[in-house]
Amino acid sequence: MDKHIFDRPVRIGMLGCGVVGSHVARLLLADKEELSTRAGVKIELVKIAVRTIRPIDDIDPKLFTTDAKSIVNDPEIDLIVEVMGGIEPARELIMAAIENRKSVVTANKALLASHGAEMFTAAYAKGEDIYYEAAVAGAIPIIRPMRDSLVGDFVTRLMGIVNGTTNYILTKMHEDNREFADVLKEAQALGYAEADPTADVEGFDAAAKAAILSGLAFHTRVTIDDVYREGISKITLEDVQIAKSMDHVIKLLAISELTPSDEISVRVHPVMLHKSHPLASVRDAFNAVYVEAESAGSLMFYGRGAGGAPTASAILGDICAVARHIAHNSVGQRETDYADRDIAPIETTKTKFLIRLEVEEKAGVLAAIAQVFSTHGVSIQTVNQAGRDTEAELTIVTHQATEGELKATVDALKAMDMVKHVSSVIRVEGALSA
Ligand code: HSE
């Protein structure tokens, strides 16, 4: 039998009531009895801070206030659910809530990826929980598996499709031969994209999630500034079609791995992924995280990474878990940063590359280009040439090389008269043997 030390409901105050927040509030109110039974303590939503008060279906307007501070300072409130997004005033409100001995459930990846250390330190000093399952990959349980289930294992690498908008765009380019800009509009209309789609398209959203997952995987504080980042706005339909002709798909991946010198290499960029890789079959707005650990081997977590209801599912799970801790005067498993590993400079990261370039069609061009690769220590795996009268297009795939070696090679190629244009440089993961 559970021994309850709490003789009143756990009272919840919410900060924000947008797409995600309104789902959470509606479900908290509608399923109150059942969620309370599952948590083992009564759960009650008592206040919701909004910027402007307007009617929202199925939510009692008496719950709304425009005074967010009154929630974080209310001694009757035990648990804050932050779904307002952005850095400020979310950070300031959460820090005030912790100072006032409240646990926090948040979906705010940008805040965690920039100010996580400050928030965790404060919460742990006060004996409070910070739960944030919804911050990475929406409905997919990935934070608790990384923080709790795998705490006894040693993660070596993770690769994730953690942004639904870009995965949707790349899927439609691949399957329907559509241009990037056309599909982006559709993804926005479907509600997958962030308010400013630059956060999705240029990889900032994925970089925040990569930082959070890397910190958990490698027991080190990792911030968004540590993550090397490239988005998908330079990926053309032609790139996608060439990848397809080589049995690959192009995905925006968040990759984090331990290097041989025990540093963390953490990056977000488009990757040509062989179709046999489990992540290659993750289509549309779905997300997936592929984790490699010493004892567990490979694991893959798959599901809906965006949208009101999927994100609300993760938040409600956190609310029940934290409410239970509050009722039992306990806390959950915490983040640890004892390993304090360094972040590997991107120049030292090793990968394979596909390079497409337009060159003059004449004797000696291929030899001269091969010489540039050789001079910079980059070994060529395959070369394909498509001729066009006086010009030819070369598609070259390299063996593993460092980013530094590759950059020097590309710079040298660009400086050659016989090279008209370097159209793309894309990293390759998957079946082509190293
Ligand atoms: N804009 C994000 C995405 C939503 O497309 O995945 C969840 O962070």
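1. Helices here are DSSP runs of at least four residues, numbered from the N terminus, and in this predicted model Lys-109 has its place in one of them, helix H5, which covers residues 109–126. Lys-109 has a relative accessible area of 17% and is therefore buried, the cut-off for that term being under 20%. Leaving out residues up to four places away in sequence, Lys-109 touches Ala-135, Glu-194, Asp-205, Ala-208, Lys-209 and Ile-212.

2. The geometry of H5 deserves attention, since a straight helix of 18 residues would span 26 Å at 1.5 Å a residue, whereas H5 spans only 22 Å between its end C-alpha atoms. H5 also contains a kink of about 85°, and the centre of that kink is His-115. Just after the helix, Gly-127 takes a positive phi of about 75°.

3. Which residues of H5 are buried? Besides Lys-109, they are Leu-111, Leu-112, Ala-113, Gly-116, Met-119, Phe-120, Ala-123 and Tyr-124. The elements that cover these buried residues include helix H4 (90–99), strand S5 (103–106), strand S6 (130–131) and H10.

4. H4, which is among the elements covering H5, is itself mostly covered, with 7 of its 10 residues buried. Those buried residues are Ala-90, Arg-91, Leu-93, Ile-94, Met-95, Ala-97 and Ile-98, and their cover includes strand S1 (10–15), helix H3 (68–72), strand S4 (79–82), S5, H5 and S6. After H4 comes Arg-101, whose phi is positive, near 65°.

5. The largest nonpolar core has 66 residues, of which Tyr-132, Ile-142, Met-146, Ile-169 and Val-291 touch the most other members. Helix H10 (residues 204–218) gives the most to this core, namely 10 residues. Apart from this core lies another, of 36 residues, and Met-14, Val-41, Ala-314 and Val-322 are among them.

6. Tyr-132 can be followed further through its contacts, which, leaving aside neighbours within four places in sequence, are with Thr-106, Leu-112, Phe-120, Ile-143, Arg-147, Ile-212, Leu-216, Asp-318 and Glu-335. Two of these partners, Leu-112 and Phe-120, are listed among the buried residues of H5, and Ile-212 is one of the residues that Lys-109 touches.

7. On the cysteines, a search of the whole structure finds 0 disulfides. Cys-17 is in no disulfide, and the nearest cysteine sulfur, that of Cys-320, is 18 Å away. Why does the sulfur of Cys-320 form no bond with that of Cys-17? The two sulfurs are 18 Å apart, which is too far for a bond, given that a disulfide needs cysteine sulfur atoms within 2.5 Å. Cys-17 is buried, with a relative accessible area of 7%, and Cys-320, at 16% relative accessibility, counts as buried as well.

8. The domain assignment of the protein gives domain 1 (10–138 + 308–327), domain 2 (143–303) and domain 3 (346–429). The centres of domain 1 and domain 3, taken over C-alpha atoms, are separated by 51 Å.

9. A last point concerns Lys-420, which lies in strand S17 (residues 419–429) and, at 44% relative accessibility, counts as partly exposed. Not counting residues up to four places away in sequence, Lys-420 touches Glu-358, Val-359, Glu-360 and Glu-391. Lys-420 and Thr-223 are 197 residues apart in sequence, and their C-alpha atoms are 39 Å apart in space.

Key. Residues are numbered from 1 along each chain as its sequence is written. This is a predicted model: local features need pLDDT of at least 70, side-chain atom pairs count only at pLDDT 80 or more; totals for chains, interfaces and linings use all residues. Side-chain values use heavy atoms; hydrogens and water are left out. Helices (H or I, at least four residues) and strands (E, at least two) are DSSP runs, numbered from the N terminus. Buried means under 20% relative accessible area, exposed over 50%, partly exposed in between (1.4 Å probe, protein chains only). Contact means heavy atoms within 4.5 Å. Domain bounds come from an automatic or database domain assignment. A nonpolar core is a set of buried Ala, Val, Leu, Ile, Met, Phe, Trp, Tyr and Cys residues joined through side-chain atoms within 4.5 Å. The expected span of a helix is 1.5 Å times one less than its number of residues. The bend at a residue is the angle between axes fitted to the seven residues ending there and the seven starting there.
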